[in-house]
Amino acid sequence: MSILPDLKERFRDALTGRADDVDELLDLIRRSGDPKFGDYQANFAMSLGKRTGRPPREVAAEVVERLDVADICRPPEIAGPGFINLRIRDDWLIARLSAAVTDSRLGVRQTPRPRTYVVDYSAPNVAKPMHVGHIRSTVIGDALCRMLRFLGHKVISDNHLGDWGTQFGMIIYGYKHFLDRSAYRASPVQELARLYKLVRRLMDYHEGRSQFPKLTEQVAQQADALQRNREEAGPRPDKKTAQTLRRQESSLAEARDELAELRQKLDAVKADPLLSRQVAEHSGIGAAVLAETARLHEGDEENLRLWREFLPACEDEIDRVYGRLNVTFDHTLGESFYQNRLAATVDGLVHEGIARESDGAICVFLDGQDVPMLIRKKDGAFLYATTDLATIRFRMEQFAPDAILYVVDHRQSLHFEHLFATARLMGYKDIELQHVSFGTVLGDDGRPFKTRSGDTVGLEGLLDEAVRRAGAIVAANDDAKLDGPEIPPEQRAEIAERVGIAALKYADLSQNRTSDYVFSYDKMLAMNGNTATYMQYAYARVRSIFRKGNVDIEALRASGAPIVLGSPAERALGLEILRLADVLELAVCDYRPNQLTAYLFDLANRYSAFFEQCPVLKAETGQLRQSRLLLCDLTARTICKGLELLGIDVVEKM
RNA sequence: GCCCCUGUAGCUCAAUUGGAUAGAGCAUCGGCCUUCUAAGCCGAGGGUUGCAGGUUCGAGUCCUGCCGGGGGUACCA
């Protein structure tokens, strides 16, 4: 059981009647930043004093006077401008820790006010190879689901698969023109992936070639304009002009890079005899692919049959990745699920006067937005905004959630602004609609990973590489053990899998989700610092102690042996263990798993310090040994639970 | 043009949402393995939190203006 809720209750009693926003004031009670200010601190006296026009220290003194915390803390101290510093009594800590020993939830209470959450995450486009960019949504969404569930909320996870888009037009076209039958029989997934890449490449070629002259022209024009502006500006341009010039320069450089890249791509195709023949034979491929897609959407029998044939293979492919990532969904209702609800959605919005026709398209115009949200194109086709609206309607009817979370990268924020505003107009007012946005996955060059080029690193290759590197490290570590290796070779592979996948997921979860994520093998697979490996290592070291000491853990827990917090390292560890509940509350409130990873890192650090300073099996007395074993057990269980809530496994040995 | 995000140690990132002396990891330097896993621990150096104002007991965090980076911006998702 954590400490903060109890402190808050006591302060509530002391504050009631003296302020009208007691809850806000209670939120200002938190852990102290520095041990010399105690374990917890209450920071509300300053603002309360301000409002009542009285010296904050006096206010603090008065609150302390009325405060009854003698059983929890030593006498509170007032410091600085009016901080109330609290140091928790050891016997209180011990009582809480002892209660956690026999509690399967480690003292974390279920929420008294459970909500229903729909969490929308992962959502890859099937039939396109999954790549590194899909990890973030998948991993963050999964962690949020796990945390919310653990806290007692009802969570419905839904993978809004892209299973109805142009990519199917592409593989249908590829199937009809380029199929290698025996390869398809042997491995449909692989052959479909090949077809996708091939068609993508041919389309890119034609698109690129048609754009080439325009782009060349643009570059020339930009260069001219820049030259002219430079001359006009003279040798000492003013600030504004200088800025404009700089922008033009960087824009020109970008355009030149783009042009060079395009030329390279075109040349590569021309250099390949087979490709250049295919390119020539399929000059209308772009339009043809769109036509195949349109036929599918119109219900064309053959295309529908092919779609039904391809889909399971595509799903098997992504399911394999989900299996390795240990990610599951309650529902996988993709775009195709909603396709027969789209027309009604648009009609409904028009009927209610929310949407109207403009330039041939059906649009929702929103207050304060200079561009409308399009829900039907002038050619009659629907857009992803349409699907998203139909999805909201369906989810409201089916699940009646209190909140829908969209774990989607931040570039789509405008779309969600539109979407949510429209949902409000549709009458969905009492629901939290939340874009849980995250930064873009960037390459080493600092530019976004491209989904289009077929030759980006596939997600699965990435997993393999992570596991391979982890395997090398596990082996080296085991070989270096003083008492000789303890892990048989066949177990090493499984440990490597767990360590490698964990490193990958944790690297993503431990970063503040709002910042961009620079993908790098080395960073992801670094085994030091705030990483899954460090946590798994701390866990494995605890388990090793129990093995070496032949400790019967169940008996230990049931023994009722007293916990002793004699040394600073033990006390610090105990205090840290009790923070889990507070941290989960915090993490869930902003949908930020990195709050939890930061906590686990602190906990593992505290444990390492304890591990160095406090012999467990060779403790001075039997009682101390029991106490320390209990602390070890609590630490291991807390780490294990924390990692579990992040979707990460522990290992017994490493 | 307009809108959104962003700027923190050499590098990669934190900072409990306005709290006390801005913290980690990597890299650098110096100590710790005859003792429960050294993937570890202890210590050192490294900062005008882009710049300038403002708000107040108190600002990396809030407001204004500049400078820089990214993203979005009517028929892709």
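Below, a visitor and a guide talk through two loop residues, one pocket and the cysteines of this predicted model.

Visitor: Why is serine 122 called buried?

Guide: Its relative accessibility is 5%. Buried means under 20%. Serine 122 therefore counts as buried.

Visitor: Where does serine 122 lie?

Guide: In the loop between strand 5 (116-120) and helix 6 (133-150).

Visitor: What is the phi of serine 122?

Guide: Phi is near 75 degrees. That is a positive value, and serine 122 is a residue other than glycine.

Visitor: Turn to alanine 400. Is alanine 400 buried or exposed, and how do you know?

Guide: The relative accessible area of alanine 400 is 52%. The cut-off for exposed is over 50%. So alanine 400 is exposed.

Visitor: What is the phi of alanine 400, and where is its place?

Guide: Phi is near 45 degrees, again positive in a residue other than glycine. Alanine 400 sits in the loop between helix 16 (384-399) and strand 10 (403-409).

Visitor: Now the second largest pocket. How much space lies in it?

Guide: About 1300 Å³. It is lined by 34 residues, and Lys8, Ala581, Asp582, Glu585 and Leu586 are the closest to its centre.

Visitor: What makes Lys8 and Asp582 charged residues, and Leu586 a nonpolar one?

Guide: The class follows from the residue type: Lys and Asp count as charged, Leu as nonpolar. By that scheme the lining has 16 nonpolar, six polar and twelve charged residues.

Visitor: Which elements supply at least two residues each to the lining of this second largest pocket?

Guide: Helix 1 (4-15), strand 1 (29-31), helix 24 (580-589) and helix 25 (594-613). Helix 24 gives the most, with seven residues.

Visitor: Which domains each give at least three residues to the lining of the second largest pocket?

Guide: Domain 1 (4-88) and domain 4 (459-645).

Visitor: Last, the cysteines. How many disulfides does a search of the whole structure find?

Guide: Zero.

Visitor: How do you know that cysteine 640 is in no disulfide?

Guide: The nearest cysteine sulfur, that of cysteine 632, is 15 Å away. A disulfide needs the two sulfur atoms within 2.5 Å. Cysteine 640 is therefore in no disulfide.

Visitor: Why is cysteine 640 called partly exposed?

Guide: Its relative accessible area is 24%. Partly exposed lies between under 20% for buried and over 50% for exposed. So cysteine 640 is partly exposed.

Visitor: And cysteine 73: buried or exposed?

Guide: Cysteine 73 has a relative accessible area of 4%. The limit for buried is under 20%, so cysteine 73 is buried.

How values were computed:
Residues numbered from 1 in each chain as written. Chains lettered and ligands numbered in written order. Predicted model: local features only at pLDDT ≥ 70, side-chain atom pairs only at ≥ 80, totals over all residues. Heavy atoms only, no water. Helix = DSSP H or I, 4+ residues; strand = E, 2+ residues; numbered from the N terminus. Buried < 20%, exposed > 50% of the residue type's maximum accessible area, 1.4 Å probe, protein only. 1 Å grid on protein atoms, 1.4 Å probe; cavity = no way out; pocket = protein on both sides within 12 Å on 5 of 7 lines; lining within 4 Å. Points joined across faces, edges and corners; volume = space filled by probe spheres on them. Domains from an automatic or database assignment.
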